[in-house]
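Okay, thanks for coming, everyone. I'll put the model up and then walk through a few spots in it.

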Amino acid sequence: MYFTLFITVLITAVVLVVAAYVIAKLIGPRSYNPVKGEPFECGIPTHGSSWLPMHVGYYLFAILFLMFDIETVFLYPWAVVVKQFGSLALISIGFFLVVLVLGLAYAWRKGALEWK
Amino acid sequence: MYDFSIVTRWIDSLLRHTLNLGDFWSILIECILVGICILTAYALIAIVLIFMERKVCAYFQCRLGPMRVGPWGIFQVFADVLKMLIKEIFAVDKADKMLYYIAPFLVIIASVGTFSFLPWNKGAVVLDFNVGVFLLTAISSIGILGVFLAGWGSNNKYSVVSAMRGAVQMISYEMSLCLCLISAVVLTGTMQIGGIVEAQHGAWLIFQTPVTWLAFLVFLVAGNAEANRGPFDLAEAESELTAGYHTEYSGMGFGFYYLAEYLNLFVISGIAATVFLGGWMPLHVAGLDGFNAVMDFIPGIIWFFVKTFAIVWILMWIRWTFPRLRIDQILKLEWKYLMPLMLVILTLTTVWVALV
């Protein structure tokens, strides 16, 4: 039943987008000229493609995110059973968190958290 | 408390037994009803929020806001929706057409998907998975993909810069958002949204431990950044990037981003209200039975809406009060302050649960 509802929600979202697009296609005006096909950048003609190499800082934070997001994924199942296991849960996650905090401290020390 | 599942069970038995439809048809009709309910609530709340934002913004800037269309401008939003619907759908010549048209789907799927997790009342929640909170964060991160693909697919330099900024900001703040939810899961012992609300029967979560109110504040900050709203709106910083990742979208294509932004605001407020302020659970104080009985008299849906709109109001207040942050300030705030703070709060919460 849950799976059916989940699919229903996804289909609802898709239907919303498709319906609005179809209405706009049916009643919207249509015209074309070359200037209209230009991207909007300050009004002067665009030079080259926009798909350029970006600042490396973005990728650095993406890699850090991968590391720490996996951490949060591992924390979820542990969080459910903390109440049952009591102090045992605290000790077992303690090691995990210490390693992660050391990792964060290392990244901090190395300057990975600075935007340069 | 009034239980909404009585109504849903009645509809189910009406379809199955009274009308004598088979399994397939009754489930199909129920699913269509659920879809219609979601779309109606989605559209109504978007309209209310857009109108509210304009009036709140005007109030903070000592203006009147929209006043022309209808009394106090209440039909302004309908006029805007109509205008967007009759605009041409148009893509830039050099745009990556596939990514350009897929991106709004992802954004709307993320926003409708997370919207369906909100518990409106006892028994009135569409998706009540036992892995609820986990799935919620998983679906909400699809929205990041939508923002990134929109900016990248537009082939506009401003949009690509905006997509990069949006992606790095949203993935960063997702982490402290997750840690806030984990600290709530530690306290309640379940990931199910309904179970989290039931666990706050005695007291709301922010009153259960001395540190949870900090997690609530971090959740508001991280949620505001996750919804891409000011002072964290540098992905659509209109003074430097025109409109950011949706510069090249026309008509309803832009409309979806606008819609999703407001619904994300509502979802963030709704989740904050559900997880930390008890959702539809009335205010209960241990020992005061008479007071609790009076509070139980107010329906759950009113509690939910009052809490959610109070948080929406606070977030709008923040948006129209603070200046926009720079990208390095945003990342510093998340990685050097909020995340270590949340790790400390999570440890303290665990110690509280394990030892007290």
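Let's start with B:Glu334, which is buried (under 20% relative accessible area, 1.4 Å probe, protein chains only). It has no salt bridge, that is, no side-chain nitrogen of Lys or Arg within 4 Å of its carboxyl oxygens. The nearest side chain of opposite charge, B:Lys336, is 13 Å away; Lys and Arg count as positive here, Asp and Glu as negative, with His and chain ends not counted.

Quick housekeeping: this is a predicted model, with local features needing pLDDT of at least 70 and side-chain atom pairs pLDDT 80 or more, while totals for chains, interfaces and linings use all residues. Residues are numbered from 1 along each chain as written, chains are lettered from A in written order, and side-chain values use heavy atoms, without hydrogens and water.

Back to B:Glu334: it sits in helix H14 of chain B, residues 327-355 (helices being DSSP runs of H or I, at least four residues, numbered from the N terminus). So what does B:Glu334 touch, leaving out residues up to four places away in sequence? Among its contacts (heavy atoms within 4.5 Å) are B:Tyr173, B:Met175 and B:Pro340.

Now the interface. Chains A and B bury about 6800 Å² between them, 77% of it on carbon and sulfur atoms; that's accessible area lost on being put together, 1.4 Å probe, summed over both. A:Tyr21, A:Trp51 and A:Tyr76 supply 13% of what chain A buries against chain B, more than any other three residues. The contact takes 69 residues from chain A and 82 from chain B, and the rule finds zero salt bridges across it.

Terms used:
Helices (H or I, at least four residues) and strands (E, at least two) are DSSP runs, numbered from the N terminus. Buried means under 20% relative accessible area, exposed over 50%, partly exposed in between (1.4 Å probe, protein chains only). Buried area is the accessible area (1.4 Å probe) that two parts lose on being put together, summed over both.
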